[in-house]
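Q: Please take a close look at one part of this model, the strands that pair in the antiparallel sense and the salt bridges around them. I would like one connected account.

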Amino acid sequence: MKKLTILFTAICITLGATFAQEKKSEDVKTGWGFGVLPAVSFDTDLGFQYGGLVNFFDYGDGSAFPGYEHSIYIEASRYTKGSGIYRFYYDSEYLIPGIQITTDLSYLPDEAYDFYGFNGYESVFNSQWIDDSQADDIYRSRMFYKMKNNIFRFKTDVQIPLIGKSFRAIAGFNLLNFNIDKVDVDKLNKGKDENLLPSHEQVPGLYQMYEEWGLISEKEADGGFVPLLKAGVVYDTRDNQPNPMKGVWTEAFILGAPSFLGAESSFLKLNLTHRQYFTILKNDLSFAYRLGYQGTISGHTPFYYQPQIATSVMKGARSEGLGGGRTMRGIRRNRVVGDGFAYGNAELRWKAVHFNFINQKWYLGINGFVDAGQVVQKLDVESVLRENGVIPPLESSVIWDQDVKNYFNFQEAEKLHVSYGLGLRISMNQNFIIAIDYGQAVDPQDGDSGIYIGLNYLF
């Protein structure tokens, strides 16, 4: 997709000089402060983006600094043709002393949500089909691997100490509603005289073809309601939550969508995530890694929920993949989707420059990273295609239709998807952290590269 992105980043506007008072040491912050990150961009298909975000921090009397007592995050941005992010997020261990409460309320309309099929490398990705510089007999549509996906999400998690402060029980209640449809090509073409997208009658997208082949059922095709209950344990010894220099952060929980709460399809999943942090040079250089697994224990997970990755604390507006800015940077978002998957990230984090500016404490950080993951619990795509007559039965001598071979490669076993890259971090008071990452995919089947701009370290 031809895309011009002009991200205007106002590094931070802070009320620190007015509301955040110094306490004995200039290194300790008290009271309220905030950071702002506005964004302006333009996308050929989605239009102009405008809006931004603000993150308020209450440091109280400073005794917990660089920790905070309350964090309130508000984000509102939209593209002129409908996509956007509208989010409120709250995090505190002081609302009810000793109990961590996180609440997220979001509406995430997306007119061009990524859909590349199931089971990673078993689904073929053809970059030429979405490249409108190719000849007409090769190019299909910039929206071929897209669908419309509007998500409403309400999420509340509580963590209650079991043994000391480090070992805690976690419980959560999530409500998600997915509104799925094919891309509204007429809407995206409105106001354009050139680079028009072809109609779905001319070029159906992959989402429509999966419907036609029976890989997406009629019941699930337009989305649905997913109520979730969560229960598990967390072990957390981090010395600083935004960018730890030492400690571990491990969690294990069961996530279920019960039919008695109105789930369209009930299922049960297991999520395991381990993160560990090592100091190499005191205060300035650390190594961090994350290992994760999410798999289905029982039931049937609707296709629209499969990319969602459950977590106790959200680091951004979206938590989905595998692929994209929250899991495997440089690999296309949702490139690796299955009934169960495993992934890992390794980062070398260097706080290269420390300085004071507008009465705040800052540092510039540089990251080198490697990301990887793969499907370990596949969806049975091949059997469904045979049952529905899309490909011949195993005992048949009929040769596959050549066009179908353009979409599936069952001879190519799923294997590790890998990316690598560099990142920049701009941190104010060790809590408000602007993140810029550039990732490169190793295998062209996963895409080429990506730039991601947002907040916080990945984990």
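A: What follows starts with the paired strands, moves to the salt bridges and ends with the empty spaces.

The model is predicted. Strand β17 covers residues 340-357 and pairs with strand β16, residues 285-299, in the antiparallel sense over eleven bridges. Within that pairing, Tyr293 has Ala342 of β17 as its bridge partner. On to the next strand: β17 is joined to β18 (residues 360-377) by 17 bridges, and these two strands also run antiparallel. Here Arg349 is matched with Asn367 in β18. The hairpin of β17 and β18 has two residues between the strands, and in it Ile358 takes a positive phi near 45°.

Arg349 also takes part in a salt bridge, with Glu347 as its partner and 2.8 Å between the closest N and O atoms. Arg349 counts as buried because its relative accessible area is 1%. Glu347 is buried as well, with a value of 0%.

The loop between β16 and β17 holds a further pair. The side chains of Arg333 and Glu320 form a salt bridge, at 3.4 Å from N to O. Both residues lie in that loop, so the contact ties together parts that are 13 residues apart in sequence. Glu320 has 5% relative accessibility and is therefore buried.

A salt bridge in a helix gives another case. Glu382 and Arg386 meet at 2.6 Å, N to O. They are four residues apart in helix α4 (residues 381-387), which means that about one helical turn separates them. Glu382 is partly exposed at 24% relative accessible area, whereas Arg386, at 18%, counts as buried. Elsewhere, salt bridges that share partners join Asp110, Asp114, Lys146, Arg318, Glu320 and Arg333 into one network. The count for the structure comes to 25 salt bridges.

Now the empty spaces. A search of the whole structure finds six cavities of 30 Å³ or more. The largest cavity holds about 210 Å³ of space. Its lining is made by 20 residues, and Arg290, Thr311, Ser319, Arg326 and Leu458 lie nearest its centre. Strand β15 (residues 267-281) supplies the largest share of that lining, three residues.

The second largest pocket has a volume of about 650 Å³. Of the 22 residues that line this pocket, Glu93, Lys165, Arg168, Arg238 and Gln241 lie nearest its centre. Strand β8 (residues 84-96) gives the most to its lining, with four residues.

Key:
Residues are numbered from 1 along each chain as its sequence is written. This is a predicted model: local features need pLDDT of at least 70, side-chain atom pairs count only at pLDDT 80 or more; totals for chains, interfaces and linings use all residues. Side-chain values use heavy atoms; hydrogens and water are left out. Two strands pair if DSSP finds at least two bridges between them. On a 1 Å grid over the protein atoms alone, a cavity is a set of points where a 1.4 Å probe fits but cannot get out, and a pocket is an open set with protein on both sides within 12 Å along at least five of seven lines; lining residues have an atom within 4 Å of a point. Grid points are joined across faces, edges and corners, and a volume is the space filled by probe spheres set on the points. A salt bridge is a side-chain nitrogen of Lys or Arg within 4 Å of a carboxyl oxygen of Asp or Glu. Buried means under 20% relative accessible area, exposed over 50%, partly exposed in between (1.4 Å probe, protein chains only).
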